[in-house]
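Please look over the sequence and the model shown here before reading on. The paragraphs below go from the whole chain to its cores and then to one pair of packed helices.

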Amino acid sequence: MSQNSSMRIHLIDGTYELFRHFFGAPSHINSKGQEVGAVRAVASSMLSMVNQGATHIGIATDHVITSFRNELYDGYKDGSDLDPVILGQFNLLEEVLDSLGFMIFPMVDFEADDGLGAAARKAALNPDVEQVIICTPDKDLGQCLTQDEKIIQYDRRKELRITYETVIEKFGVTPESIPDYLGLVGDTADGFPGIKGWGAKSSATLLSHYHHIENIPNDHMEWAMQVRSSQKLSESLNTDYELALLFKLIATIDYEAPTFETVSELKWNGPKDNYENILKSIDGDRILQRLEKMETN
């Protein structure tokens, strides 16, 4: 084993963090009249991670709201219901975090979730990496977790560790079946409804046995003993089978999303040359002071 195998990679859902702090941090309007409170809070939060010992950090962001999934399904989330005040901070967040020296994965054709999943899988293949921690509570990312816990999730807000076994305990299916599970029950946050009649219990019961939608037998009598209303569920699935597979595809992380070339790019080495001017544009005096303390330490 490599002598550097204690390396831990932290992958951050930048879009989630922006939303979290938008609703949790104080408002702040800069001299240009722009709301920057959430951006300032996320920047401080990322530096706190460094102070707490994080060395390698990658941040995935939604550079644009739409992705390839919008072409697959008209009802998929498109950002039309987003508050313009938070939307106006998306690009600013990337600019500020980049100036602070963090590695950003701005997603255009893909989504932040894809960036997190792709980065996690790539980092986990590196023998020098002990563990990859995907920092988001998003259930979609559960599909990326590994049984050996080389890839786990962490909910920073609740300080909750999410593992392969945690997913099974919560949803009744293994991580590999999460896209199938969401394909059947739907995901209102992402804008797709699932298949009529298929709830959490019936979906988990069958997927824990058959693992994937494609493996569920057409003859409902084969699983009539396992779930109630098996005939109705079977008819519903047969009617909307292609839709169920489409929803599964939508819920599946695309590991082809562009992220980094080598894990060394994720190492935080301090801010870039332009950081002072960018921080001043968001009235980031406290962040500047924090950086000065970090440099002296």
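In the protein chain, 69% of the contacts (heavy atoms within 4.5 Å) with a separation of 6 or more are accounted for by residues 24 or more positions apart. This is a predicted model, in which local features need pLDDT of at least 70 and side-chain atom pairs count only at pLDDT 80 or more, while totals for chains, interfaces and linings use all residues. Residues are numbered from 1 along each chain as its sequence is written, and side-chain values use heavy atoms, with hydrogens and water left out.

Of the 297 residues of the protein chain, 52% count as buried, that is, under 20% relative accessible area with a 1.4 Å probe, protein chains only. The largest nonpolar core (buried Ala, Val, Leu, Ile, Met, Phe, Trp, Tyr and Cys residues joined through side-chain atoms within 4.5 Å) has 54 residues, of which I9, F105, V132, L184, W198 and I216 touch the most other members. Helix 6 (residues 112-124) gives the largest share of this core, seven residues, helices being DSSP runs of H or I with at least four residues, numbered from the N terminus. Another core, of 37 residues, lies apart from it and has I12, L100, L291 and M294 among its members.

Helix 2 (residues 37-51) and helix 5 (residues 90-99) pack at an angle of about 35 degrees with their axes 10 Å apart, the axes being lines fitted to C-alpha atoms over the stretch in contact and angles running from 0 to 180 degrees between N-to-C directions. In this pair, V39, V42, A43 and M46 in helix 2 meet L92, L93, V96 and L97 in helix 5.

How values were computed: Helix = DSSP H or I, 4+ residues; strand = E, 2+ residues; numbered from the N terminus. Buried < 20%, exposed > 50% of the residue type's maximum accessible area, 1.4 Å probe, protein only.
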